[in-house]
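Work through the exercises below with the sequence and the model at hand. Each task is followed by a solution in steps.

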Amino acid sequence: MFRSPAAALLRRLAPLLSGGTVGSGSSTRRTLPPHIAPSVLFRFSSTPTSSPPPSSIGARDEEVEGDELQGAAGNVGPKLSISVDRSGLYSPPEHSHEPSSDSELIKHLKSIIKFRSGPISVAEYMEEVLTNPQSGYYMNRDVFGESGDFITSPEVSQMFGELIGVWAMCLWEQMGQPEKLNLIELGPGRGTLLADLLRGSAKFVNFTKALNINLVECSPTLQKVQYNTLSCEDEHDGDEKRTVSKLCGAPVYWHASLEQVPSGLPTIIVAHEFFDALPIHQFQKGSHGWCEKMVDLAEDSSFRFVLSPQPTASLIFLSKRCQWASSEELEKVKQIEVCPKAMEITEQITDRITSDGGGALIIDYGKNGIVSDSLQAIRKHKFVHILDNPGSADLSAYVDFAAIKHSAAEVSDDISVHGPMSQSQLLGSLGINFRVEALMQNCDEKQAESLRTGYWRLVGDGEAPFWEGPDDQTPIGMGTRYLAMAIVNKKQGSPVPFE
Ligand SMILES: C[S@@+](CC[C@H](N)C(=O)[O-])C[C@H]1O[C@@H](n2cnc3c(N)ncnc32)[C@H](O)[C@@H]1O
(Lines give C-alpha, C1' and ligand atoms only; values in the text may rest on other atoms or scores of the structure.)
Protein backbone atom coordinates (compact mmCIF):
# COMPACT_ATOMS: atom_id res chain seq x y z
CA MET A 1 0.00 0.00 0.00
CA PHE A 2 1.13 3.58 -0.73
CA ARG A 3 4.20 2.52 -2.66
CA SER A 4 3.97 4.67 -5.80
CA PRO A 5 4.40 8.47 -5.89
CA ALA A 6 0.72 8.84 -6.83
CA ALA A 7 -0.35 6.77 -3.86
CA ALA A 8 1.87 8.86 -1.59
CA LEU A 9 -0.11 11.90 -2.78
CA LEU A 10 -3.27 10.13 -1.86
CA ARG A 11 -2.02 9.36 1.63
CA ARG A 12 -1.29 13.06 2.10
CA LEU A 13 -4.58 14.38 0.66
CA ALA A 14 -7.26 12.05 1.99
CA PRO A 15 -6.97 12.87 5.70
CA LEU A 16 -6.87 16.60 4.98
CA LEU A 17 -10.37 16.86 3.58
CA SER A 18 -12.11 19.98 4.80
CA GLY A 19 -14.81 19.80 7.41
CA GLY A 20 -14.25 16.80 9.63
CA THR A 21 -17.81 16.99 10.81
CA VAL A 22 -20.92 15.25 9.76
CA GLY A 23 -23.05 17.44 7.62
CA SER A 24 -20.17 19.68 6.57
CA GLY A 25 -20.94 18.40 3.10
CA SER A 26 -23.60 19.84 0.93
CA SER A 27 -26.54 18.42 2.72
CA THR A 28 -26.98 17.56 6.34
CA ARG A 29 -30.30 16.08 5.38
CA ARG A 30 -28.51 13.73 3.04
CA THR A 31 -25.60 12.79 5.27
CA LEU A 32 -28.09 12.28 8.02
CA PRO A 33 -30.90 10.81 6.00
CA PRO A 34 -33.99 11.11 8.17
CA HIS A 35 -34.34 7.61 7.01
CA ILE A 36 -33.74 6.13 3.65
CA ALA A 37 -37.16 4.93 2.72
CA PRO A 38 -37.62 1.18 2.66
CA SER A 39 -38.39 1.32 -0.99
CA VAL A 40 -35.46 3.51 -2.08
CA LEU A 41 -33.93 1.98 -5.18
CA PHE A 42 -30.53 2.34 -6.78
CA ARG A 43 -30.28 1.99 -10.52
CA PHE A 44 -29.11 -1.58 -10.55
CA SER A 45 -31.46 -4.46 -10.37
CA SER A 46 -30.17 -6.41 -7.39
CA THR A 47 -32.72 -5.01 -4.99
CA PRO A 48 -35.97 -4.80 -6.82
CA THR A 49 -38.97 -3.90 -4.76
CA SER A 50 -40.86 -5.66 -7.47
CA SER A 51 -39.49 -7.75 -10.30
CA PRO A 52 -38.83 -6.04 -13.60
CA PRO A 53 -41.50 -7.20 -15.99
CA PRO A 54 -40.18 -9.13 -18.96
CA SER A 55 -39.62 -7.04 -22.04
CA SER A 56 -41.45 -9.44 -24.25
CA ILE A 57 -41.56 -9.24 -27.99
CA GLY A 58 -44.86 -8.68 -29.75
CA ALA A 59 -46.53 -11.01 -32.17
CA ARG A 60 -44.74 -9.69 -35.24
CA ASP A 61 -41.38 -11.17 -34.32
CA GLU A 62 -41.86 -14.14 -36.54
CA GLU A 63 -38.43 -14.60 -37.96
CA VAL A 64 -38.02 -15.22 -41.64
CA GLU A 65 -34.78 -16.20 -43.24
CA GLY A 66 -33.36 -13.18 -44.95
CA ASP A 67 -30.35 -11.68 -46.58
CA GLU A 68 -26.93 -11.97 -45.08
CA LEU A 69 -26.13 -8.51 -43.78
CA GLN A 70 -22.38 -8.66 -44.11
CA GLY A 71 -22.58 -5.79 -46.59
CA ALA A 72 -24.82 -3.59 -44.46
CA ALA A 73 -23.25 -4.43 -41.15
CA GLY A 74 -19.61 -4.42 -42.15
CA ASN A 75 -17.29 -7.24 -41.15
CA VAL A 76 -19.33 -8.91 -38.48
CA GLY A 77 -16.83 -11.71 -38.04
CA PRO A 78 -17.02 -15.40 -38.72
CA LYS A 79 -19.16 -16.25 -35.69
CA LEU A 80 -21.91 -13.78 -36.42
CA SER A 81 -24.51 -13.91 -39.12
CA ILE A 82 -27.31 -11.44 -39.32
CA SER A 83 -30.66 -12.04 -40.90
CA VAL A 84 -33.72 -10.02 -41.51
CA ASP A 85 -37.27 -10.42 -40.36
CA ARG A 86 -39.35 -9.85 -43.48
CA SER A 87 -42.75 -10.32 -41.94
CA GLY A 88 -43.63 -6.85 -43.06
CA LEU A 89 -44.96 -3.78 -41.43
CA TYR A 90 -48.15 -3.61 -39.58
CA SER A 91 -50.48 -0.86 -40.82
CA PRO A 92 -51.27 1.43 -37.95
CA PRO A 93 -54.92 1.98 -37.12
CA GLU A 94 -56.81 4.65 -38.99
CA HIS A 95 -56.46 8.11 -37.57
CA SER A 96 -58.98 8.54 -34.81
CA HIS A 97 -60.71 11.72 -33.67
CA GLU A 98 -61.44 10.25 -30.23
CA PRO A 99 -60.10 12.49 -27.45
CA SER A 100 -56.88 10.95 -26.16
CA SER A 101 -55.50 10.97 -22.62
CA ASP A 102 -51.98 10.38 -23.94
CA SER A 103 -49.23 12.65 -22.60
CA GLU A 104 -47.45 14.97 -25.04
CA LEU A 105 -44.49 12.59 -25.10
CA ILE A 106 -46.64 9.57 -25.87
CA LYS A 107 -48.40 11.48 -28.67
CA HIS A 108 -44.99 12.48 -29.99
CA LEU A 109 -43.66 8.89 -29.92
CA LYS A 110 -46.79 7.60 -31.63
CA SER A 111 -46.59 10.27 -34.29
CA ILE A 112 -42.99 9.33 -35.12
CA ILE A 113 -43.98 5.68 -35.54
CA LYS A 114 -47.04 6.57 -37.62
CA PHE A 115 -45.15 9.07 -39.74
CA ARG A 116 -42.44 6.51 -40.49
CA SER A 117 -45.00 3.78 -41.03
CA GLY A 118 -42.73 1.63 -38.98
CA PRO A 119 -41.15 0.99 -35.61
CA ILE A 120 -38.39 2.99 -33.97
CA SER A 121 -35.26 1.59 -32.35
CA VAL A 122 -35.08 1.09 -28.60
CA ALA A 123 -32.31 3.73 -28.65
CA GLU A 124 -34.55 6.30 -30.30
CA TYR A 125 -37.33 5.45 -27.86
CA MET A 126 -34.95 5.81 -24.90
CA GLU A 127 -33.52 9.10 -26.15
CA GLU A 128 -36.97 10.63 -26.70
CA VAL A 129 -38.26 9.35 -23.37
CA LEU A 130 -35.32 10.69 -21.36
CA THR A 131 -34.25 13.84 -23.13
CA ASN A 132 -36.94 15.04 -25.51
CA PRO A 133 -36.56 18.82 -25.09
CA GLN A 134 -40.26 19.42 -24.35
CA SER A 135 -41.32 16.46 -22.28
CA GLY A 136 -38.38 14.10 -21.66
CA TYR A 137 -38.12 12.48 -18.25
CA TYR A 138 -35.11 14.55 -17.13
CA MET A 139 -36.15 17.83 -18.67
CA ASN A 140 -38.78 19.25 -16.35
CA ARG A 141 -38.28 17.80 -12.88
CA ASP A 142 -35.94 16.73 -10.11
CA VAL A 143 -36.11 12.95 -10.19
CA PHE A 144 -33.68 12.06 -7.39
CA GLY A 145 -34.04 10.97 -3.79
CA GLU A 146 -36.85 9.66 -1.66
CA SER A 147 -39.49 11.86 -3.22
CA GLY A 148 -38.20 11.08 -6.72
CA ASP A 149 -37.69 7.78 -8.49
CA PHE A 150 -34.22 6.56 -7.46
CA ILE A 151 -31.19 7.48 -5.39
CA THR A 152 -27.54 7.82 -6.41
CA SER A 153 -24.26 7.60 -4.45
CA PRO A 154 -23.68 11.37 -4.10
CA GLU A 155 -27.17 11.63 -2.62
CA VAL A 156 -26.40 8.85 -0.13
CA SER A 157 -23.40 10.46 1.56
CA GLN A 158 -21.15 13.50 1.35
CA MET A 159 -18.21 11.08 1.48
CA PHE A 160 -18.75 10.10 -2.15
CA GLY A 161 -18.16 13.58 -3.63
CA GLU A 162 -15.38 14.29 -1.15
CA LEU A 163 -13.44 11.20 -2.21
CA ILE A 164 -13.94 11.90 -5.91
CA GLY A 165 -12.38 15.26 -4.99
CA VAL A 166 -9.37 13.43 -3.55
CA TRP A 167 -9.07 11.55 -6.84
CA ALA A 168 -9.25 14.80 -8.83
CA MET A 169 -6.68 16.56 -6.64
CA CYS A 170 -4.27 13.64 -6.95
CA LEU A 171 -4.58 13.77 -10.73
CA TRP A 172 -4.15 17.56 -10.73
CA GLU A 173 -0.91 17.11 -8.74
CA GLN A 174 0.24 14.44 -11.21
CA MET A 175 -0.50 16.93 -13.99
CA GLY A 176 1.98 19.36 -12.37
CA GLN A 177 -0.64 21.50 -10.59
CA PRO A 178 -1.70 23.54 -13.64
CA GLU A 179 -2.85 27.06 -12.78
CA LYS A 180 -5.97 26.66 -14.91
CA LEU A 181 -8.03 23.47 -15.06
CA ASN A 182 -11.28 22.59 -16.78
CA LEU A 183 -13.23 20.47 -14.31
CA ILE A 184 -16.05 18.93 -16.33
CA GLU A 185 -18.90 16.89 -14.92
CA LEU A 186 -21.12 14.96 -17.31
CA GLY A 187 -24.74 14.65 -16.14
CA PRO A 188 -24.41 16.27 -12.69
CA GLY A 189 -27.99 15.57 -11.53
CA ARG A 190 -28.57 17.83 -8.54
CA GLY A 191 -24.91 18.96 -8.50
CA THR A 192 -24.37 17.21 -5.17
CA LEU A 193 -21.17 15.36 -6.10
CA LEU A 194 -19.52 18.59 -7.21
CA ALA A 195 -20.69 20.57 -4.19
CA ASP A 196 -19.18 17.96 -1.85
CA LEU A 197 -16.01 17.84 -3.96
CA LEU A 198 -15.63 21.63 -3.69
CA ARG A 199 -16.35 21.77 0.04
CA GLY A 200 -14.00 18.87 0.73
CA SER A 201 -11.17 20.44 -1.25
CA ALA A 202 -11.65 23.97 0.15
CA LYS A 203 -8.32 23.84 2.04
CA PHE A 204 -6.42 23.22 -1.20
CA VAL A 205 -6.64 26.77 -2.41
CA ASN A 206 -4.29 26.33 -5.36
CA PHE A 207 -6.55 23.57 -6.64
CA THR A 208 -9.84 25.43 -6.20
CA LYS A 209 -8.31 28.66 -7.60
CA ALA A 210 -7.39 26.80 -10.78
CA LEU A 211 -10.92 25.59 -11.49
CA ASN A 212 -13.15 26.43 -14.41
CA ILE A 213 -16.24 24.37 -13.69
CA ASN A 214 -18.13 23.04 -16.71
CA LEU A 215 -21.37 21.15 -16.30
CA VAL A 216 -22.70 19.13 -19.21
CA GLU A 217 -26.41 18.95 -18.56
CA CYS A 218 -29.28 18.69 -21.02
CA SER A 219 -32.05 19.49 -18.54
CA PRO A 220 -32.85 23.18 -17.93
CA THR A 221 -34.62 22.22 -14.71
CA LEU A 222 -31.61 20.34 -13.35
CA GLN A 223 -29.32 23.20 -14.44
CA LYS A 224 -31.30 25.44 -12.08
CA VAL A 225 -31.05 22.88 -9.27
CA GLN A 226 -27.26 22.68 -9.87
CA TYR A 227 -27.02 26.48 -9.76
CA ASN A 228 -28.55 26.43 -6.28
CA THR A 229 -26.63 23.41 -4.99
CA LEU A 230 -23.33 25.02 -6.00
CA SER A 231 -24.41 28.29 -4.30
CA CYS A 232 -23.98 30.14 -7.59
CA GLU A 233 -24.31 33.87 -8.05
CA ASP A 234 -24.25 35.97 -11.19
CA GLU A 235 -21.58 38.67 -11.27
CA HIS A 236 -21.77 41.57 -13.70
CA ASP A 237 -18.80 43.40 -15.13
CA GLY A 238 -20.24 46.00 -17.48
CA ASP A 239 -22.16 44.07 -20.09
CA GLU A 240 -20.40 40.86 -19.18
CA LYS A 241 -22.12 38.37 -16.90
CA ARG A 242 -20.43 35.40 -15.31
CA THR A 243 -21.68 32.83 -12.85
CA VAL A 244 -19.51 31.98 -9.87
CA SER A 245 -19.85 29.23 -7.26
CA LYS A 246 -19.60 30.78 -3.81
CA LEU A 247 -18.33 27.42 -2.53
CA CYS A 248 -14.91 28.14 -4.04
CA GLY A 249 -15.11 31.29 -6.16
CA ALA A 250 -14.72 29.35 -9.43
CA PRO A 251 -16.64 30.32 -12.57
CA VAL A 252 -19.36 27.86 -13.58
CA TYR A 253 -20.56 27.22 -17.15
CA TRP A 254 -23.33 25.00 -18.47
CA HIS A 255 -23.33 23.14 -21.79
CA ALA A 256 -25.77 20.78 -23.48
CA SER A 257 -22.97 18.51 -24.73
CA LEU A 258 -19.28 17.81 -24.12
CA GLU A 259 -18.40 19.14 -27.57
CA GLN A 260 -19.58 22.59 -26.50
CA VAL A 261 -17.09 22.82 -23.61
CA PRO A 262 -14.19 25.00 -24.80
CA SER A 263 -10.97 23.00 -25.05
CA GLY A 264 -7.39 24.20 -24.61
CA LEU A 265 -7.04 23.80 -20.84
CA PRO A 266 -5.83 20.78 -18.88
CA THR A 267 -8.94 18.80 -18.10
CA ILE A 268 -10.45 16.51 -15.49
CA ILE A 269 -13.77 14.87 -16.38
CA VAL A 270 -16.09 13.10 -13.96
CA ALA A 271 -19.06 11.04 -15.16
CA HIS A 272 -21.13 9.39 -12.46
CA GLU A 273 -24.28 7.56 -13.58
CA PHE A 274 -24.17 9.44 -16.87
CA PHE A 275 -23.36 6.63 -19.30
CA ASP A 276 -26.22 4.44 -18.04
CA ALA A 277 -28.70 7.07 -19.23
CA LEU A 278 -27.38 7.03 -22.81
CA PRO A 279 -29.58 5.34 -25.43
CA ILE A 280 -28.84 1.71 -26.24
CA HIS A 281 -29.76 -0.46 -29.20
CA GLN A 282 -30.93 -3.98 -28.42
CA PHE A 283 -30.26 -6.93 -30.69
CA GLN A 284 -31.64 -10.41 -30.44
CA LYS A 285 -30.26 -13.63 -31.86
CA GLY A 286 -32.80 -15.71 -33.75
CA SER A 287 -32.38 -19.00 -35.52
CA HIS A 288 -30.99 -17.21 -38.56
CA GLY A 289 -28.94 -14.43 -37.03
CA TRP A 290 -29.25 -11.09 -35.28
CA CYS A 291 -32.22 -8.72 -35.51
CA GLU A 292 -32.73 -5.34 -33.87
CA LYS A 293 -35.45 -5.02 -31.27
CA MET A 294 -37.77 -2.11 -32.04
CA VAL A 295 -40.70 -0.28 -30.49
CA ASP A 296 -43.94 -0.29 -32.47
CA LEU A 297 -47.65 0.32 -32.02
CA ALA A 298 -50.06 -2.54 -31.50
CA GLU A 299 -53.57 -2.56 -32.95
CA ASP A 300 -54.96 -1.00 -29.79
CA SER A 301 -52.39 1.78 -30.16
CA SER A 302 -50.32 0.67 -27.17
CA PHE A 303 -46.55 0.31 -27.47
CA ARG A 304 -44.99 -3.08 -28.02
CA PHE A 305 -41.66 -4.61 -28.96
CA VAL A 306 -41.11 -6.17 -32.36
CA LEU A 307 -38.06 -7.30 -34.27
CA SER A 308 -36.88 -5.13 -37.10
CA PRO A 309 -38.57 -6.00 -40.38
CA GLN A 310 -35.50 -4.88 -42.31
CA PRO A 311 -31.79 -4.29 -41.75
CA THR A 312 -31.14 -1.30 -39.54
CA ALA A 313 -28.23 1.10 -39.83
CA SER A 314 -27.28 0.30 -36.23
CA LEU A 315 -26.15 -3.18 -37.21
CA ILE A 316 -22.84 -1.51 -37.93
CA PHE A 317 -22.46 -0.82 -34.20
CA LEU A 318 -23.32 -4.42 -33.35
CA SER A 319 -20.68 -5.48 -35.80
CA LYS A 320 -18.15 -3.14 -34.20
CA ARG A 321 -18.97 -4.34 -30.69
CA CYS A 322 -18.70 -7.99 -31.71
CA GLN A 323 -15.22 -7.45 -33.08
CA TRP A 324 -14.11 -6.60 -29.53
CA ALA A 325 -15.58 -9.80 -28.13
CA SER A 326 -14.19 -13.33 -28.06
CA SER A 327 -16.07 -16.13 -29.82
CA GLU A 328 -16.71 -17.73 -26.41
CA GLU A 329 -18.32 -14.52 -25.14
CA LEU A 330 -20.47 -14.24 -28.28
CA GLU A 331 -21.56 -17.86 -28.16
CA LYS A 332 -23.02 -17.37 -24.68
CA VAL A 333 -25.32 -14.46 -25.46
CA LYS A 334 -28.72 -14.41 -27.13
CA GLN A 335 -29.17 -10.65 -26.75
CA ILE A 336 -26.70 -7.79 -26.98
CA GLU A 337 -27.03 -4.16 -26.01
CA VAL A 338 -24.88 -1.64 -27.84
CA CYS A 339 -24.53 2.05 -26.96
CA PRO A 340 -23.11 4.03 -29.90
CA LYS A 341 -23.54 7.27 -27.95
CA ALA A 342 -21.26 5.93 -25.20
CA MET A 343 -18.68 5.05 -27.85
CA GLU A 344 -18.96 8.53 -29.38
CA ILE A 345 -18.67 10.36 -26.04
CA THR A 346 -15.72 8.16 -25.05
CA GLU A 347 -14.03 9.18 -28.28
CA GLN A 348 -14.68 12.85 -27.48
CA ILE A 349 -13.30 12.40 -23.95
CA THR A 350 -10.23 10.67 -25.34
CA ASP A 351 -9.58 13.34 -28.00
CA ARG A 352 -9.84 16.04 -25.36
CA ILE A 353 -7.52 14.31 -22.91
CA THR A 354 -5.05 13.61 -25.68
CA SER A 355 -4.87 17.25 -26.74
CA ASP A 356 -5.36 19.03 -23.39
CA GLY A 357 -3.87 16.56 -20.89
CA GLY A 358 -5.57 15.25 -17.78
CA GLY A 359 -8.00 12.40 -17.35
CA ALA A 360 -11.53 11.15 -16.82
CA LEU A 361 -13.19 9.05 -14.15
CA ILE A 362 -16.28 7.09 -15.16
CA ILE A 363 -18.35 5.44 -12.43
CA ASP A 364 -21.50 3.51 -13.18
CA TYR A 365 -23.22 0.22 -12.73
CA GLY A 366 -22.26 -2.16 -15.45
CA LYS A 367 -20.08 -4.98 -16.70
CA ASN A 368 -16.60 -5.36 -18.09
CA GLY A 369 -17.95 -7.17 -21.14
CA ILE A 370 -20.94 -7.57 -23.42
CA VAL A 371 -24.19 -6.48 -21.80
CA SER A 372 -27.09 -8.69 -22.73
CA ASP A 373 -30.50 -7.49 -21.56
CA SER A 374 -30.29 -4.85 -18.84
CA LEU A 375 -32.60 -2.02 -19.88
CA GLN A 376 -34.90 -1.18 -16.97
CA ALA A 377 -37.51 1.38 -15.96
CA ILE A 378 -37.91 2.69 -12.41
CA ARG A 379 -40.75 4.83 -11.12
CA LYS A 380 -41.09 5.81 -7.46
CA HIS A 381 -38.46 3.24 -6.44
CA LYS A 382 -40.23 0.37 -8.17
CA PHE A 383 -39.49 -1.42 -11.40
CA VAL A 384 -42.11 -0.91 -14.08
CA HIS A 385 -42.42 -2.07 -17.67
CA ILE A 386 -40.12 -0.23 -20.08
CA LEU A 387 -43.04 0.70 -22.34
CA ASP A 388 -45.38 1.71 -19.51
CA ASN A 389 -46.34 5.40 -19.62
CA PRO A 390 -43.08 6.57 -21.21
CA GLY A 391 -41.63 9.76 -19.74
CA SER A 392 -42.94 9.01 -16.25
CA ALA A 393 -40.16 6.55 -15.30
CA ASP A 394 -36.38 6.54 -15.47
CA LEU A 395 -34.80 4.31 -18.12
CA SER A 396 -31.25 3.08 -17.72
CA ALA A 397 -29.02 0.24 -18.85
CA TYR A 398 -25.81 -1.42 -17.67
CA VAL A 399 -22.68 0.27 -18.94
CA ASP A 400 -20.42 -1.86 -21.13
CA PHE A 401 -17.00 -0.89 -19.72
CA ALA A 402 -15.16 -3.11 -22.20
CA ALA A 403 -16.70 -1.12 -25.07
CA ILE A 404 -15.60 2.14 -23.41
CA LYS A 405 -12.08 0.81 -23.04
CA HIS A 406 -11.89 -0.26 -26.70
CA SER A 407 -13.47 2.98 -27.97
CA ALA A 408 -10.84 5.01 -26.09
CA ALA A 409 -7.92 2.82 -27.10
CA GLU A 410 -8.91 2.99 -30.77
CA VAL A 411 -8.80 6.78 -30.85
CA SER A 412 -5.43 7.58 -29.34
CA ASP A 413 -2.07 6.04 -28.45
CA ASP A 414 -1.42 8.86 -26.00
CA ILE A 415 -3.93 7.75 -23.39
CA SER A 416 -4.11 4.79 -21.06
CA VAL A 417 -7.27 3.14 -19.77
CA HIS A 418 -7.38 1.79 -16.21
CA GLY A 419 -9.88 -0.53 -14.58
CA PRO A 420 -12.66 -1.12 -14.16
CA MET A 421 -12.36 -1.67 -10.45
CA SER A 422 -15.27 -1.91 -8.05
CA GLN A 423 -16.64 1.19 -6.33
CA SER A 424 -15.72 -0.46 -3.06
CA GLN A 425 -12.06 -0.77 -4.14
CA LEU A 426 -12.05 2.79 -5.46
CA LEU A 427 -13.51 4.43 -2.37
CA GLY A 428 -11.57 2.12 -0.05
CA SER A 429 -8.28 3.09 -1.68
CA LEU A 430 -9.22 6.76 -1.69
CA GLY A 431 -9.62 6.63 2.08
CA ILE A 432 -13.31 6.18 2.90
CA ASN A 433 -12.36 4.35 6.12
CA PHE A 434 -10.32 7.32 7.34
CA ARG A 435 -13.07 9.69 6.33
CA VAL A 436 -15.88 7.82 8.05
CA GLU A 437 -13.77 7.55 11.22
CA ALA A 438 -13.03 11.29 11.15
CA LEU A 439 -16.72 12.07 10.75
CA MET A 440 -17.63 9.62 13.53
CA GLN A 441 -15.49 11.61 15.98
CA ASN A 442 -17.94 14.48 15.82
CA CYS A 443 -21.40 13.05 15.81
CA ASP A 444 -24.21 11.77 17.99
CA GLU A 445 -25.53 8.20 17.91
CA LYS A 446 -28.20 8.94 15.32
CA GLN A 447 -25.66 10.54 13.02
CA ALA A 448 -23.29 7.61 13.57
CA GLU A 449 -26.03 5.22 12.48
CA SER A 450 -26.60 7.26 9.33
CA LEU A 451 -22.88 7.28 8.59
CA ARG A 452 -22.68 3.51 9.00
CA THR A 453 -25.67 3.07 6.71
CA GLY A 454 -24.26 5.47 4.10
CA TYR A 455 -20.87 3.79 4.29
CA TRP A 456 -22.43 0.39 3.72
CA ARG A 457 -24.50 1.64 0.81
CA LEU A 458 -21.41 3.03 -0.89
CA VAL A 459 -18.94 0.19 -0.36
CA GLY A 460 -20.84 -2.81 0.96
CA ASP A 461 -21.89 -5.84 -1.03
CA GLY A 462 -25.42 -7.11 -0.51
CA GLU A 463 -27.32 -6.62 2.74
CA ALA A 464 -25.69 -4.81 5.66
CA PRO A 465 -24.76 -7.31 8.41
CA PHE A 466 -24.94 -4.72 11.21
CA TRP A 467 -28.52 -3.70 10.50
CA GLU A 468 -30.90 -4.02 13.44
CA GLY A 469 -33.92 -2.24 11.98
CA PRO A 470 -36.82 -3.70 10.03
CA ASP A 471 -35.82 -6.25 7.39
CA ASP A 472 -37.42 -4.37 4.55
CA GLN A 473 -35.21 -1.36 5.33
CA THR A 474 -31.90 -3.24 5.32
CA PRO A 475 -29.27 -1.12 3.56
CA ILE A 476 -28.04 -2.71 0.33
CA GLY A 477 -24.43 -2.12 -0.72
CA MET A 478 -23.49 -0.77 -4.15
CA GLY A 479 -19.81 -1.58 -3.62
CA THR A 480 -19.41 -4.31 -6.22
CA ARG A 481 -22.22 -3.50 -8.67
CA TYR A 482 -20.77 -0.11 -9.46
CA LEU A 483 -17.50 0.01 -11.36
CA ALA A 484 -14.94 2.75 -11.94
CA MET A 485 -12.72 3.27 -14.97
CA ALA A 486 -10.12 5.97 -15.62
CA ILE A 487 -8.87 7.28 -18.95
CA VAL A 488 -5.75 9.45 -18.61
CA ASN A 489 -3.13 11.09 -20.77
CA LYS A 490 -0.01 8.91 -20.55
CA LYS A 491 1.99 11.99 -19.52
CA GLN A 492 0.23 11.76 -16.16
CA GLY A 493 1.35 8.22 -15.40
CA SER A 494 -1.07 5.86 -13.67
CA PRO A 495 -3.92 7.52 -11.83
CA VAL A 496 -4.58 6.85 -8.16
CA PRO A 497 -5.62 4.19 -7.15
CA PHE A 498 -5.42 2.21 -10.40
CA GLU A 499 -1.69 1.44 -10.24
C1 LIG B 1 -28.87 9.29 -13.55
S2 LIG B 1 -28.63 10.96 -13.56
C3 LIG B 1 -27.11 11.05 -12.63
C4 LIG B 1 -26.97 12.31 -11.86
C5 LIG B 1 -25.72 12.46 -10.99
N6 LIG B 1 -24.52 12.23 -11.71
C7 LIG B 1 -25.81 11.60 -9.76
O8 LIG B 1 -25.07 10.65 -9.67
O9 LIG B 1 -26.63 11.88 -8.88
C10 LIG B 1 -28.17 11.37 -15.22
C11 LIG B 1 -27.83 12.82 -15.44
O12 LIG B 1 -27.38 12.99 -16.77
C13 LIG B 1 -28.17 13.97 -17.44
N14 LIG B 1 -28.23 13.54 -18.84
C15 LIG B 1 -28.80 12.42 -19.32
N16 LIG B 1 -28.61 12.32 -20.65
C17 LIG B 1 -27.89 13.40 -21.01
C18 LIG B 1 -27.37 13.87 -22.25
N19 LIG B 1 -27.55 13.17 -23.38
N20 LIG B 1 -26.67 15.01 -22.27
C21 LIG B 1 -26.47 15.72 -21.13
N22 LIG B 1 -26.95 15.32 -19.92
C23 LIG B 1 -27.64 14.18 -19.86
C24 LIG B 1 -29.47 13.96 -16.71
O25 LIG B 1 -30.22 15.12 -16.90
C26 LIG B 1 -28.97 13.79 -15.27
O27 LIG B 1 -28.47 14.99 -14.76
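Two strands count as paired if DSSP finds at least two bridges between them. The model used here is predicted.

**Exercise 1.** Determine the strand order of the open three-stranded sheet, and state which strands stand at its edges.

Solution.
- Start with β13 (residues 376-379) and β14: three bridges join these strands, which run antiparallel. At least two are needed for pairing, so β13 and β14 pair.
- One residue pair can be located directly: Ile 378 has Phe 383 of β14 as its bridge partner.
- The full order is β14-β13-β15, with antiparallel pairing.
- β14 (382-384) and β15 (394-396) each have a single partner strand, so they are the edges, and one side of each lacks a neighbour in the sheet.
- Ignoring direction, neighbouring strands are turned by 40° against each other on average.

**Exercise 2.** Classify the packing of helices α16 and α17 and describe their contact.

Solution.
- The axes of α16 (residues 432-440) and α17 (residues 445-459) come within 10 Å and cross at roughly 170°.
- Angles over 145 degrees count as roughly antiparallel, so α16 is roughly antiparallel to α17.
- α16 contributes Ile 432, Val 436, Leu 439 and Met 440, while α17 contributes Ala 448, Leu 451, Tyr 455, Leu 458 and Val 459.
- By class, the contact has nine nonpolar, no polar and no charged residues.

**Exercise 3.** Why does the ligand lie between domain 1 and domain 2?

Solution.
- Of the 19 residues around the ligand, those that come nearest are Tyr 138, Thr 152, Gly 187, Gly 189 and Cys 218.
- The shell divides into 10 nonpolar, six polar and three charged residues.
- Helices α5 (122-131) and α6 (153-156) each supply at least two shell residues.
- Domain 1 and domain 2 both give residues to the shell, so the ligand lies between them.

Terms used
Residues are numbered from 1 along each chain as its sequence is written. This is a predicted model: local features need pLDDT of at least 70, side-chain atom pairs count only at pLDDT 80 or more; totals for chains, interfaces and linings use all residues. A residue is near a molecule or strand if its C-beta atom, placed from the backbone, lies within 6 Å of it. Helices (H or I, at least four residues) and strands (E, at least two) are DSSP runs, numbered from the N terminus. Ala, Val, Leu, Ile, Met, Phe, Trp, Tyr, Cys and Pro count as nonpolar, Asp, Glu, Lys and Arg as charged, and the others, Gly among them, as polar. Domain bounds come from an automatic or database domain assignment. Axes are lines fitted to C-alpha atoms, for helices over the stretch in contact, and angles run from 0 to 180 degrees between N-to-C directions. Angles under 35 degrees count as roughly parallel, over 145 as roughly antiparallel, 65 to 115 as roughly perpendicular and the rest as oblique. Two residues are in contact if their C-beta atoms, placed from the backbone, lie within 7 Å.
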